2 protein chains.
Amino acid sequence: LPTLSGKSATSPALGIGLDSCVIPLRHRGLSLVQTTDFFYPLVEDPYMMGRIACANVLSDLYAMGITECDNMLMLLSVSQSMSEEEREKIMPLMIKGFRDAAEEGGTAVTGGQTVANPWVIIGGVATVVCQPDDFIMPDSAVVGDVLVLTKPLGTQVAVNAHQWLDNPEKWSKVKTVVSRQEVELAYQEAMFNMATLNRTAAGLMHSFNAHAATDITGFGILGHSQSLAKQQRNEVSFVIHNLPILAKMAAISKATGQFGLLQGTSAETSGGLLICLPRDQAAHFCSEIKSSKYGGGHQAWIVGIVEKGNRTARIIDKPRVIEVLPRGATATVFALDNSSASSDGSSFPF
Amino acid sequence: LPTLSGKSATSPALGIGLDSCVIPLRHRGLSLVQTTDFFYPLVEDPYMMGRIACANVLSDLYAMGITECDNMLMLLSVSQSMSEEEREKIMPLMIKGFRDAAEEGGTAVTGGQTVANPWVIIGGVATVVCQPDDFIMPDSAVVGDVLVLTKPLGTQVAVNAHQWLDNPEKWSKVKTVVSRQEVELAYQEAMFNMATLNRTAAGLMHSFNAHAATDITGFGILGHSQSLAKQQRNEVSFVIHNLPILAKMAAISKATGQFGLLQGTSAETSGGLLICLPRDQAAHFCSEIKSSKYGGGHQAWIVGIVEKGNRTARIIDKPRVIEVLPRGATATVFALDNSSASSDGSSFPF
């Protein structure tokens with residue numbers, strides 16, 4: 001759980017529990033913000049895996065509205081079960097992906113550690129020294145705020161379903177609800193989304209006066225919403241009405257019963273930011289982030305509201321699922337069984 | 001190899017290659033210094049293992065004469081092959097050892113990441129924001145300087161020999177040169193030394209005008225001396241004449257032929273600092289660090305000199321081995337075969 005350190009009465013401090021730690025420094029109002037994450041590869045493309053790992057580390061800074069990173073360390077383990085040929089082919093690609101994403105984040109990899117291990121590990125440490133205005137403490141949601149999500153859910157389902165394409169037993173359990181082509185497209189889209197930095201969203205948090213944010217990773221949208229709710233200074237609760245999900249992944253989750261995607265507990269990797277915005281700013285945020293000014297590759301959806309409450313979060317009984325089509329896919333490839341397909345979440349559905 | 005970043009003409013910058021990276025910050029002459037290290041347990045006592053891992057991470061800061069640390073992140077993996085009971089007994093002890101050493105270093109663990117892995121991993125990330133006077137760039141050795149080492153060599157040999165106590169085949173190869181009791185005592189001493197912070201030495205680097213330093217870890221005293229020599233601005237070389245070694249470990253290295261301890265290539269874990277000091281300061285440094293003012297648990301030996309040269313390092317043909325007795329051991333326990341046993345390295349032997 002998040003703890004407030006007693007180091008300083010005036011500088012904000014944030015301990016273990018949310019996305020980054022914030023350490024007040026001895027130097028004139030500056031704070032050290034840093035975060036680390038490492039995990040095991042989950043996509044087959046080593047270059048994309050490197051990008052995803054770096055995007056996932058940086059995301060913890062972006063969740064605090066921080067857009068700069070002063071240094072990145074890379075944490076790596078090479079698998080002992082790789083042949084020398086595999087190692088020399090795979091590891092440089094993974095490292096290049098990681099470095100390229102760091103560069104896109106305006107930083108560079110200047111240090112790290114590599115070990116040998118039974119499994120491949122990739123991760124990093126992102127560090128920045130901030131002035132007070134550079135970051136937004138994730139504790140100021142107020143009743144009436146609106147919750148916005150900047151990437152669709154369903155990455156874990158897409159990654160798993162893609163593995164099942166080569167596993168007839170597993171595939172037989174989902175083939176009635178999804179085609180091979182739909183899984184391929186969803187996997188590509190998930191990979192692209194996981195490799196996308198949340199940096200644009202972090203910058204827009206300042207433009208649109210965000211009150212708090214977190215990024216969605218291993219505990220799913222519900223778990224991270226609950227962590228963020230606990231952190232609030234006001235007596236508020238988060239209620240989620242809409243779930244933007246990669247097209248067809250909700251059907252797979254239902255058919256297998258093993259992910260909890262509609263319950264908000266399915267793990268995400270390098271997921272979007274969940275941002276508390278003032279009610280009159282949320283729709284503007286969603287349309288602004290889609291602007292070609294930011295490359296045209298971003299989306300955002302209004303997913304819930306902030307109510308008076310006891311610092312908890314919940315998903316309503318029958319949330320509206322927004323089926324998010326992969327970019328470039330036409331609606332005819334995706335045989336959607338209802339009319340909720342949408343890439344436009346800027347209207348209030350409740 | 002170390003690279004100088006082009007970020008700033010006035011602030012020093014140090015890239016990948018030596019102990020820590022130094023990143024000039026946007027904030028008024030401040031620099032970000034950080035380092036990461038993680039590895040696998042090498043001693044049986046989980047609490048001591050935690051201390052050693054933390055001391056090993058901090059040591060990279062201490063090698064730059066930095067005595068403070070603003071934040072520590074802990075990197076941990078729990079072994080999947082542990083039973084729940086083992087896990088609940090071992091991991092909290094390891095974490096406590098790590099935290100206690102961080103506290104001794106004047107810092108706290110405020111963040112980190114834990115994963116499951118076939119093997120246990122423990123390590124960390126140490127970060128500090130420095131003013132220019134807080135750190136000593138490791139590049140200013142001059143001809144005539146003296147090299148001082150602050151912990152004896154031989155940790156890897158002691159750890160391995162200790163494992164061989166339970167392996168009759170391995171033990172048979174060394175039992176003619178060492179007793180079981182000597183190995184037990186050397187192992188305890190190695191463990192104690194590895195868990196000792198180099199913080200006192202880092203502080204004294206400032207008092208005695210150190211010109212450069214590094215810490216001795218995986219590449220042995222020769223490997224790290226060579227890295228440090230490459231980093232020098234002046235045309236110098238390092239020549240090592242003396243090797244302070246845990247008593248009897250040189251004999252084991254010779255008997256097995258597998259460590260290279262006398263060649264300076266035997267790996268150390270959380271080893272001492274190798275410091276370039278002005279000739280007239282080195283002996284004072286060695287006597288000061290032993291002072292009861294610093295707890296009386298520290299030692300240092302003059303091990304070599306800085307000559308004119310092409311930025312390389314070497315050990316002389318027949319280096320003098322200083323047999324360092326474990327604290328509390330009497331000379332009668334250790335049947336030393338020559339008269340070089342010494343805990344006093346403050347005289348010039350060359």
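I began with the surface of chain A in this predicted model, where I find about 13600 Å² exposed, 50% of it supplied by carbon and sulfur atoms.

I then looked up how much of the chain is covered, and noted that buried residues make up 60% of the 350 residues in chain A. For its secondary structure I counted 9 helices and 11 strands in chain A. Turning to contacts in chain A with a separation of 6 or more, I see that 81% of them join residues 24 or more positions apart.

Next I went to the nonpolar cores. The largest one holds 106 residues, and the members touching the most others are A:V43, A:F238, A:I252 and A:F285. To this core helix α1 of chain A, residues 46-62, gives the most, namely 10 residues. I followed A:V43 further and, leaving out residues up to four places away in sequence, I find that A:V43 touches A:M48, A:M49, A:I52, A:V159, A:Y187, A:M191 and A:M194. Apart from this core I noted another, of 104 residues, which includes B:A102, B:L197, B:L243 and B:I315.

My last entry concerns helix α7 of chain B, residues 220-230, which I record as mostly covered, since 8 of its 11 residues are buried. The buried residues in α7(B) are B:G220, B:I221, B:L222, B:G223, B:H224, B:S225, B:L228 and B:A229. Which strands help to cover the buried residues of α7(B)? Among what covers them I list β6 (146-149), β7 (212-215), β8 (236-246), β9 (273-277) and β11 (313-324), which belong to chain B.

Notes
Residues numbered from 1 in each chain as written. Chains lettered and ligands numbered in written order. Predicted model: local features only at pLDDT ≥ 70, side-chain atom pairs only at ≥ 80, totals over all residues. Heavy atoms only, no water. Helix = DSSP H or I, 4+ residues; strand = E, 2+ residues; numbered from the N terminus. Buried < 20%, exposed > 50% of the residue type's maximum accessible area, 1.4 Å probe, protein only. Contact = heavy atoms within 4.5 Å. Areas by Shrake-Rupley, 256 points an atom, 1.4 Å probe, with all protein chains shown as cover. Core = buried A, V, L, I, M, F, W, Y, C linked by side-chain atoms within 4.5 Å.
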